Amino acid sequence: MSKVAIDLAGVTKSFGDKPVVNGLSFTVASGECFGLLGPNGAGKSTIARMLLGMTPPDAGKITVLGVPVPAQSRLARKGIGVVPQFDNLDQEFTVRENLLVFGRYFGMSTRKIEAVIPSLLEFARLESKEHARVAELSGGMKRRLTLARALINDPQLLVMDEPTTGLDPHARHLIWERLRFLLARGKTIILTTHFMEEAERLCDRLCVLEHGCKIAEGSPQTLIDEHIGCHVIEIFGGNPQELSSLIRPYVQRIEVSGETLFCYASDPEQVRVQLRGRAGLRLLERPPSLEDVFLRLTGHEMEK
Amino acid sequence: MGEGFAAALPANPWNWIAVWRRNYMAWKKVALASLIGNLADPMIYLFSLGTGLGIMVGRVDGASYIAFLAAGMVATSAMTASTFETIYAVFARMHDQRTWEAILHTQLTLGDLVLGELAWAATKAFLAGTAITIVAAAVGYSTWWSVLYVLPAIALTGFAFGSLALIVTALAPSYQYFIFYQTLVITPMLFLSGAVFPVTQLPGTFQQVAGFLPLGHSIDLIRPVMLGHPVGNVGLHIGALSIYAVLPFFISAALFRRRLMR
């Protein structure tokens with residue numbers, strides 16, 4: 001098996017005259033969890049579609065599991081499991097029937113599918129729901145069934161488009177735990193997300209996108225160190241403009257997002273001194289996170 | 001874009017069966033309601049027009065009017081069953097239910113998927129047409145042995161209309177557009193193709209148009225058999241229906257590819 005699961009080289013895609021993906025290149029190694037991070041409309045879903053051969057690129061080369069895509073995307077898809085952004089389970093079918101029908105799409109015999117169903121149900125923690133109709137399942141259960149369904153062909157690679165969007169925190173943590181289990185078993189995962197916490201917890205490496213261009217790439221920690229590298233103080237409850245002019249001399253950088261002020265300071269104590277005695281202000285000091293990277297790299301465009 | 005077009009073709013001769021089986025499994029859950037839905041319309045036409053008009057009309061082509069009409073209704077029920085499955089149910093699976101999206105994420109190609117849908121639409125047409133044939137034989141409008149000869153013609157009719165409706169589904173932006181196909185194509189075809197009265201009653205130009213319509217070819221195959229007459233031009237009718245079954249399928253596959261794989 002090749003060491004490279006996905007390779008994109010100079011991939012470009014426009015819809016009409018609107019560029020969606022712009023000269024994008026990245027490589028995902030086998031066994032890696034790779035995240036595509038970016039604001040809405042950054043081209044994440046288009047890239048996921050391109051990996052499956054559903055959207056042909058205008059230019060550039062895509063190789064998935066050692067196979068050129070879209071030329072031989074059918075071959076590539078035999079080794080891929082997909083968790084789409086929106087649930088597309090068969091609502092009128094039971095949990096079991098959904099797995100049965102999906103296995104047949106991969107050319108599996110009924111007997112072979114029935115042999116793997118118990119382990120998939122166990123993986124998805126849906127043993128007791130085997131004969132329940134999809135319409136009766138909670139959002140988290142549906143996602144877990146979609147994940148189990150994506151594993152029916154024992155894929156080497158999982159392509160996930162916003163796997164936990166719309167889930168409550170409990171359901172989300174359960175999905176993350178299940179994904180880490182898959183990574184420990186050697187699966188390769190590429191996921192798109194705009195949850196920083198998801199990217200930080202799961203991804204070995206990520207690529208930050210904006211308007212279809214790569215604006216940063218690396219491990220979450222590398223990105224945090226490179227782009228932030230100091231403490232963060234979040235301030236809310238005051239006038240952001242007034243406060244920012246007050247503390248600007250004492251910090252490296254300030255970002256305003258909504259009514260929150262993000263101060264990046266190597267000496268947070270100086271900021272605290274400046275703000276001492278001001279009523280109604282709430283300060284939160286914390287180590288830098290991926291969200292700070294995201295705000296720094298992609299925030300400026302939103303100001304326009 | 002040569003390699004891209006391969007996606008619109010079936011990858012092999014059997015992949016479509018998985019799609020057919022998915023639809024069969026969904027249908028089994030609502031089989032009775034679905035069959036009644038497919039049969040009610042042609043049965044109402046058959047017995048109301050057949051008895052009501054039959055009194056005034058007398059005999060047509062050497063048969064009672066209701067027997068004449070029964071053969072027309074067999075072909076019509078195959079046409080409508082196949083058409084409605086393809087425009088409404090296929091569109092729902094492609095659009096609202098995202099069933100197609102899930103299928104296209106597997107090793108199936110778009111061509112496998114469209115072929116599976118077509119085969120399923122033809123199956124529903126086959127069930128509806130066969131049921132009417134059996135009713136017609138049971139009440140004595142045709143002989144029992146003729147049922148056997150009519151079955152392949154019903155299936156072929158199902159494929160032809162499923163294939164045509166796939167083009168409509170591939171082009172329609174929303175459900176609202178299907179009404180045009182129903183009222184401007186399907187309903188006129190019913191009256192132009194000799195389903196309820198002989199084509200010879202039409203003005204000459206319309207008779208020529210009727211010669212090109214798939215429903216006319218279907219009726220020309222089915223009616224003589226059911227009435228115990230010799231069938232003329234078998235090759236022409238089968239050939240015409242086959243063209244309607246095959247050509248639109250490939251056109252629709254190309255249109256679906258343009259619509260879905262941008």
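In the predicted model, chain A contains an open sheet of six strands, ordered E6-E7-E8-E3-E9-E10, in which the pairing is mixed. The edges of this sheet are formed by strand E6 (80-83) and strand E10 (213-218) of chain A, each of which pairs on one side only. From one strand to the next, the twist averages 15°. At the E6 edge, E6(A) runs parallel to strand E7 (residues 157-161) of chain A, and four bridges join the two. Within this pairing, Gly81(A) has Leu158(A) of E7(A) as its bridge partner. Helix H1 (residues 44-51) of chain A lies across four strands, namely strand E3 (33-37), E7, strand E8 (188-193) and strand E9 (205-210) of chain A. The direction of H1(A) is at about 150° to that of E7(A).

Further strand pairing in chain A involves strand E1 (residues 4-15) and strand E2 (residues 18-29), which are antiparallel and share eight bridges. In this pair, Lys13(A) is placed opposite Val21(A) of E2(A). E1(A) and E2(A) form a hairpin with two residues between the strands, and Gly16(A) adopts a positive phi near 65° there. E1(A) is also joined by five bridges to strand E4 (residues 59-64) of chain A, again in an antiparallel arrangement. Here the bridge partner of Ala9(A) is Lys61(A) in E4(A). In general, strands of a sheet pair through backbone hydrogen bonds, in either a parallel or an antiparallel sense.

Two local backbone features of chain A were identified in loops. The peptide bond between Val69(A) and Pro70(A) is cis, with omega of about 10°. Pro70(A) is located in the loop between strand E5 (67-69) and H2 of chain A. Arg125(A), a residue other than glycine, has a positive phi near 55°. The loop that holds Arg125(A) lies between helix H4 (110-123) and helix H5 (139-150) of chain A.

According to the domain assignment, chain A comprises domain 1 (1-79 + 155-171 + 181-224), domain 2 (90-154) and domain 3 (230-287). A distance of 50 Å separates the C-alpha centres of domain 2 and domain 3 of chain A.

The contact between the chains takes 21 residues from chain A and 22 residues from chain B. On the side of chain A that touches chain B, the elements giving two or more residues are helix H2 (73-78) and helix H3 (95-105) of chain A. The most is given by H3(A), with four residues. By class, this side of chain A has eleven nonpolar, three polar and seven charged residues.

Helix packing was examined in chain B. Helix H7 (residues 144-171) and helix H11 (residues 234-260) of chain B pack at an angle of about 25°, and their axes are 7 Å apart. H7(B) is therefore roughly parallel to H11(B), as angles under 35 degrees count as such. The crossing of H7(B) past H11(B) is left-handed. Residues of H7(B) that make the contact include Leu156(B), Phe159(B), Ala160(B), Ser163(B) and Ile167(B). On H11(B), the contacting residues include Ile238(B), Leu241(B), Tyr244(B), Pro248(B), Phe249(B) and Arg259(B). By class, the contact of H7(B) with H11(B) has 17 nonpolar, three polar and one charged residues.

How values were computed
Residues numbered from 1 in each chain as written. Chains lettered and ligands numbered in written order. Predicted model: local features only at pLDDT ≥ 70, side-chain atom pairs only at ≥ 80, totals over all residues. Pairing = 2+ DSSP bridges. Axes fitted to C-alpha atoms, helices over the stretch in contact; angles between N-to-C directions. Contact = placed C-beta atoms within 7 Å. Nonpolar A, V, L, I, M, F, W, Y, C, P; charged D, E, K, R; others polar. Parallel < 35°, antiparallel > 145°, perpendicular 65-115°, else oblique. Left-handed = near helix turned anticlockwise from the far one by under 90°. Domains from an automatic or database assignment.
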